[in-house]
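Work through the following exercises with the coordinates open beside you, and try each task before reading its solution.

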Amino acid sequence: MIMLEGAKATTETVDALRTGASAMKAMQKATSIDDVDKTMDEINEQTENMKQIQEALSTPIGAAADFDEDELEAELEELEGAELEEQLLQPATTAPAAPVQVPASSQPARPVPQKHTAEEDELAALQAEMAL
């Protein structure tokens with residue numbers, strides 16, 4: 001009984017392989033290597049045509065065609081160098097002077113009344129509101 005089951009499984013496997021081989025032959029008949037080569041050549045030709053079109057479109061037109069890229073880069077470096085030189089030649093800014101300390105004995109005993117501006121009043125009102 002075991003041998004019959006094994007033989008049946010083998011027969012089914014061989015039949016499945018034959019069916020797969022037949023299907024592959026049918027597909028290969030529909031597509032030959034010559035057809036694939038021809039299609040790939042057409043794709044490569046179209047890709048090359050697109051590259052040529054893109055190169056033609058990227059070519060500078062009119063006044064832009066007269067510019068030499070190396071010349072423009074040299075001019076840019078010259079301008080950057082001149083700007084750097086100008087910055088280096090400008091006098092350095094001086095640090096703000098340190099606040100002067102007034103001796104305690106010369107300060108008035110009572111505070112000097114300050115005039116309040118509208119902004120200071122508004123700020124005080126906001127601070128009072130935030131304190132809530």
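**Exercise 1. Decide whether Glu 85 is buried, partly exposed or exposed, and place Glu 85 in its element and its surroundings.**

Solution. The relative accessibility of Glu 85 is 52%, and since the cut-off for an exposed residue is over 50%, Glu 85 counts as exposed. Turning to the secondary structure, Glu 85 belongs to helix H3, which covers residues 69-89. Glu 85 is also one of the residues of a negative surface patch, whose members include Asp 68, Glu 69, Asp 70, Glu 71 and Glu 86.

**Exercise 2. State how far the predicted model can be trusted, for the whole protein and for its elements.**

Solution. The structure is a predicted model, and the average pLDDT of the protein is 82, with 77% of the residues scoring at least 70. Among the elements, helix H1 (residues 2-30) has the highest mean pLDDT, 93, whereas helix H4 (residues 118-131) has the lowest, 85. Where pLDDT is low, the predicted coordinates should not be read in detail.

**Exercise 3. Describe the overall architecture and how much of the protein is buried.**

Solution. The protein contains four helices and zero strands, so that along the sequence the pattern reads α-α-α-α. Of its 132 residues, 0% count as buried, the cut-off for that class being under 20% relative accessible area. The accessible surface amounts to about 13200 Å², and carbon and sulfur atoms account for 59% of this surface.

**Exercise 4. Find the salt bridge in helix H1 and classify the exposure of both partners.**

Solution. The count of salt bridges comes to one, and this bridge joins the side chains of Arg 18 and Asp 15, with an N to O distance of 3.6 Å, which lies within the 4 Å cut-off. Both residues lie in helix H1, three residues apart, about one turn of the helix. Arg 18, at 54% relative accessibility, counts as exposed, while Asp 15, with a relative accessible area of 36%, is partly exposed.

**Exercise 5. Which residues make up the nonpolar surface patch, and where does Met 40 lie?**

Solution. The nonpolar patch consists of Ile 33, Val 36, Met 40 and Ile 43, which together have about 360 Å² of accessible area. Met 40 is placed in helix H2, residues 33-58, and with a relative accessible area of 43% Met 40 is partly exposed, a value that satisfies the requirement of over 30% for patch members.

Notes: Residues are numbered from 1 along each chain as its sequence is written. This is a predicted model: local features need pLDDT of at least 70, side-chain atom pairs count only at pLDDT 80 or more; totals for chains, interfaces and linings use all residues. Side-chain values use heavy atoms; hydrogens and water are left out. Patches are made of residues with over 30% relative accessible area and no salt bridge: like charges are joined within 9 Å, nonpolar side chains (Val, Leu, Ile, Met, Phe, Trp, Tyr) within 5 Å. Accessible areas come from the Shrake-Rupley method with a 1.4 Å probe; for residues, only the protein chains shown count as cover. Helices (H or I, at least four residues) and strands (E, at least two) are DSSP runs, numbered from the N terminus. Buried means under 20% relative accessible area, exposed over 50%, partly exposed in between (1.4 Å probe, protein chains only). pLDDT is the predictor's confidence in each residue, from 0 to 100. Lys and Arg count as positive and Asp and Glu as negative; His and the chain ends are not counted. The place of a charge is taken as NZ of Lys, CZ of Arg, CG of Asp or CD of Glu.
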